Amino acid sequence: MSSCNNRVVVITGAGGGLGRAYALAFAAEGAKVVVNDINRDAAEAVVAQIREQDGQAIANSNDITHYEDAGRIVAAALEAFGGLDVVVNNAGICRDRMFASLTEADWDAVVAVHLKGHFCLSSHAVRHWREQAKNGVKVDARIINTSSGAGLQGSIGQSNYAAAKGGIASLTLVQAAELARYGITVNALAPAARTGMTEGVFGEVMKKPEAGFDYFAPENVAPVVVWLGSRESAGVTGQMFEVEGGKLSIADGWRRGPLVDNQGRWAVAQVGAAVGELLERAVPAQKVYGS
């Protein structure tokens with residue numbers, strides 16, 4: 001039996017790039033897929049490809065940045081396939097500028113698609129699953145979020161994107177802690193792949209090779225996402241997976257580092273020496289991308 005046989009999966013931003021690779025991979029493993037993308041034609045093209053391979057899928061173009069509209073995505077899955085098992089929050093955009101030049105519109109657009117989009121769709125899915133759990137239905141559900149190396153360590157020229165992706169990393173931890181009681185696991189990805197968002201910035205680095213292993217192909221990330229959406233991943237939650245080429249790792253998140261205790265209130269004159277001691281003992285953070 002395929003790993004995701006008859007599981008119903010919603011994937012946002014699935015008209016191209018990583019989302020398209022996820023949709024095709026889930027369908028190949030027996031899942032019924034809701035291909036969500038604001039570009040309806042792109043979503044329909046992915047659905048057609050899935051159906052050509054005898055898979056089951058529908059296209060959806062509801063807007064994840066509007067709460068009520070995001071609810072219609074969940075409703076579409078329930079109407080078409082009678083259930084919902086997995087939400088893959090993948091859709092994203094970039095509005096890259098140095099912070100001094102960043103506009104309010106740049107900030108709002110990126111935060112809306114990434115961070116608010118994760119909230120809107122997941123909120124409706126969780127409310128559905130919670131109701132099932134309260135009615136005695138055994139829930140085995142998954143939320144798979146999308147962060148980024150930019151969100152984990154920062155990226156020059158991407159303060160809006162990095163802030164949104166960092167927020168998604170923290171959101172994942174809280175969701176995992178709160179939602180386990182309902183049978184919902186929540187994990188996140190920090191993928192490195194060639195997509196419409198990355199080609200403009202890393203085009204030459206991520207260029208498809210003429211022969212050999214295509215290191216930055218979106219299809220390299222898809223197997224990890226499919227496994228996280230499968231029944232086999234039930235014991236894994238609250239993790240951040242970094243995926244690049246053939247590399248798979250779990251990010252080591254924020255934790256308390258070196259500590260000094262003054263056994264009372266610090267005087268201003270004491271703080272500098274204490275900070276110097278802490279910095280000498282601390283493990284240096286990874287460098288910000290581009291620095």
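Leaving out neighbours within four places in sequence, S159 touches F99, L102 and W107. This is a predicted model, and S159 sits in helix α6, which covers residues 159-179. M98 is 61 residues away from S159 in sequence, yet the two C-alpha atoms are 7.5 Å apart in space. Is S159 buried, exposed or partly exposed? With a relative accessible area of 24%, S159 is partly exposed, because buried would call for a value under 20%.

Now over to helix α1. α1 holds 12 residues and stretches 17 Å from first C-alpha to last, close to the 16 Å expected at 1.5 Å a residue. Right after α1 comes G30, with a positive phi of about 95 degrees.

How do α1 and α2 pack? Helix α1 (residues 17-28) and helix α2 (residues 40-52) meet at an angle of about 25 degrees, and their axes are 10 Å apart. That angle makes α1 roughly parallel to α2, since anything under 35 degrees counts as roughly parallel. The crossing of α1 past α2 is right-handed.

On the α1 side of this contact we find R20, A23, L24 and A27, and on the α2 side V46, Q49 and I50. Sorted by character, the contact residues come out as five nonpolar, one polar and one charged. As for spacing along a helix, an α-helix has 3.6 residues a turn, so residues three or four places apart point the same way.

Which residues of α1 are buried? They are L18, G19, A21, Y22, A23, L24, F26 and A27. These buried residues pack against quite a mix of elements: the strands β1 (8-11), β2 (32-36), β4 (86-88) and β6 (184-192), plus the helices α2 and α8 (222-229).

Finally, a word on backbone oddities. Most residues other than glycine have a negative phi. N6 goes the other way, with a positive phi near 65 degrees, and D54 also has a positive phi near 65 degrees. N6 lies in the segment before β1, while D54 belongs to the loop between α2 and β3 (56-60).

Here is how S159, N6 and D54 come out for accessibility:

| Residue | Relative accessible area | Class |
|---|---|---|
| S159 | 24% | partly exposed |
| N6 | 45% | partly exposed |
| D54 | 73% | exposed |

D54 counts as exposed at 73% because the cut-off for that class is over 50%.

Key:
Residues are numbered from 1 along each chain as its sequence is written. This is a predicted model: local features need pLDDT of at least 70, side-chain atom pairs count only at pLDDT 80 or more; totals for chains, interfaces and linings use all residues. Side-chain values use heavy atoms; hydrogens and water are left out. Axes are lines fitted to C-alpha atoms, for helices over the stretch in contact, and angles run from 0 to 180 degrees between N-to-C directions. Helices (H or I, at least four residues) and strands (E, at least two) are DSSP runs, numbered from the N terminus. Angles under 35 degrees count as roughly parallel, over 145 as roughly antiparallel, 65 to 115 as roughly perpendicular and the rest as oblique. A crossing is left-handed if the near helix is turned anticlockwise from the far one by less than a right angle, and right-handed if clockwise. Contact means heavy atoms within 4.5 Å. Ala, Val, Leu, Ile, Met, Phe, Trp, Tyr, Cys and Pro count as nonpolar, Asp, Glu, Lys and Arg as charged, and the others, Gly among them, as polar. The expected span of a helix is 1.5 Å times one less than its number of residues. Buried means under 20% relative accessible area, exposed over 50%, partly exposed in between (1.4 Å probe, protein chains only).
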